[in-house]
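Me: Could you take a close look at one buried part of this fold and walk me through its surroundings? I'd enjoy one connected account, with the cut-offs behind each term as you go.

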Amino acid sequence: MTDAAIPRFTGDASPYTGGDPYADHRTADFPFTHLVDLADRRLGAGVIAANDEFFAERENLLKPGPAVFDPEHFGHKGKIMDGWETRRRRGVSAAEPHPTPDDHDWALVRLGTPGVIRGIVLDTAHFRGNYPQAVSVEGASLPGSPSPEDLLAPDVKWTALVPRTPVGGHAANGFAVDAEQRFTHLRINQHPDGGIARLRVYGEVAPDPAWLTALGTFDLAALENGGQVEDASDRFYSPATNTIQPGRSRKMDDGWETRRRRDRGNDWIRYRLAAQSEIRAVEIDTAYLKGNSAGWAALSVRDGEDGDWSEALPRTRLQPDTNHRFVLDGPVRATHVRIDIFPDGGISRLRLYGSLTDEGATGLAAHHRELGG
């Protein structure tokens, strides 16, 4: 993927005159949005500091779903926007009323889980004439839970992920990132000021092997532990990645639901585990899927990219809105897992409990070092 292939948006959008506020929103099919959003609040992401949030709070950047626009929503400070908006910057005197070229506003973002970043979207939805002239993004990797003061210390190494680039108002401004490193935090810069509605950071989770080794038994498929969805037969109503999000599903569209099949086939999801592992127990949850849960499910495993698929859990009846637990007859070694549901419908979560093999732990540790961990 090259950044040159990413569509660019610049300039103001037309003032809002009524109707659907997204009708003239500028966006594109970015080639990285199928990956995990490392800045997802469900994974523990947060906007931990900003130098200014006079008009709208920094936390809005990570809210799920698109930004909402209410043309009648005003407060004591002016128009209330669903995003992060700073005040207008000014120069130092009447003789120099304009900000300097280096003046900018910033926000510090803790990623929900450390990872390799492949693409970033800074969406200025509804910021039509009050968006930043340009943006830039930097990344850093620090252990533990650093404070804003720790991150702003002069000895912290920040890597440029998005150079200072002009952006457009009321547009999803996307950037491909080419940095084969593991990052834990971002610094989002607005030049010189303005508003951004949403931040999305797409990439691949890079878990800490020392943490996983200390845990011993953990969920091998979980996003936060490095599991990922490689492919799925259907994503009509909701993404398959929902099945490995943290926590239990809280509503129907927080799981994976397929369209109704009219053939004799079935739907499926294929996962890659954090590393080679031994699976000992399985949970298949259909929470909030009542008239549309899968009727049956089966689990298959594969060890290695070219390994043969073998049955780990035979086709088993599922109940609606129920968490099903299965203890396997013995540890099952795998790098990939496939769940087949019959004939269609959905599940809300899949949990695969076990531990890394010695080979898996060694490979994960080597990859961690390659990424600068």
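Reply: Leucine 111 is buried, with 4% relative accessible area (buried is under 20%, exposed over 50% and partly exposed in between, using a 1.4 Å probe and protein chains only). This is a predicted model, in which local features need pLDDT of at least 70 and side-chain atom pairs count only at pLDDT 80 or more, while totals for chains, interfaces and linings use all residues. Residues are numbered from 1 along each chain as its sequence is written, and side-chain values use heavy atoms, with hydrogens and water left out.

Leucine 111 belongs to strand S6 (strands are DSSP runs of E with at least two residues, helices are runs of H or I with at least four, and both are numbered from the N terminus). What does leucine 111 touch once its neighbours within four places in sequence are set aside? Its contacts are Leu38, Ala39, Ala45, Ile117, Phe183, Thr184, His185, Leu186 and Val201 (contact means heavy atoms within 4.5 Å). Glycine 44 makes a nice comparison of sequence and space: 67 residues separate it from leucine 111 along the chain, yet their C-alpha atoms are 7.2 Å apart.

Let's follow the strand to its partner. S6 spans residues 105-123 and pairs with S10 in the antiparallel sense, over seven bridges (two strands pair if DSSP finds at least two bridges between them). One of the bridge partnerships sets leucine 108 against arginine 187 in S10. S10 also runs antiparallel to strand S7 (residues 134-140), to which seven bridges join it; here alanine 140 has histidine 185 as its bridge partner. Is S10 itself covered or open? S10 covers residues 183-191, and nine of its nine residues are buried.

The connections around these strands hold some backbone details. Histidine 126, in the loop between S6 and S7, has a positive phi of about 75° although it is not a glycine. Histidine 126 counts as buried because its relative accessible area is 5%. Beyond S10, a cis peptide bond with omega of about -10° joins histidine 191 to proline 192, and that proline sits in the loop between S10 and strand S11 (195-196).

S6 and S10 also help to line an open space. The second largest pocket holds about 560 Å³ (a pocket is an open set of points on a 1 Å grid over the protein atoms alone, with protein on both sides within 12 Å along at least five of seven lines, and lining residues have an atom within 4 Å of a point; points are joined across faces, edges and corners, and the volume is the space filled by probe spheres set on them). Of its 24 lining residues, Thr113, Pro114, Gly144, Arg182 and Asp208 are the closest to its centre. S6, S10 and helix H2 (209-215) each supply at least two lining residues, and S6 gives the most, with five. By class, the lining divides into nine nonpolar, eleven polar and four charged residues (Ala, Val, Leu, Ile, Met, Phe, Trp, Tyr, Cys and Pro count as nonpolar, Asp, Glu, Lys and Arg as charged, and the others, Gly among them, as polar).

For another buried site, look at aspartate 52, in the loop between strand S2 (46-50) and strand S3 (74-75). Aspartate 52 is classed as buried because its relative accessible area is 9%. Which residues does aspartate 52 contact, leaving aside neighbours within four places in sequence? They are Trp84, Glu85, Thr86, Arg87 and Asp105. With arginine 87, the link is a side-chain to side-chain polar contact of 2.5 Å (a pair of N or O atoms within 3.5 Å, where within protein one must be able to donate a hydrogen and the other to accept it, and residues adjacent in sequence count only if both atoms are side-chain atoms). Proline 31 contrasts with those contacts: 21 residues from aspartate 52 in sequence, its C-alpha is 32 Å away.

To return to the starting point, leucine 111 is buried in strand S6, which pairs with S10 and gives the most residues to the lining of the second largest pocket.

Definitions and conventions: 1 Å grid on protein atoms, 1.4 Å probe; cavity = no way out; pocket = protein on both sides within 12 Å on 5 of 7 lines; lining within 4 Å.
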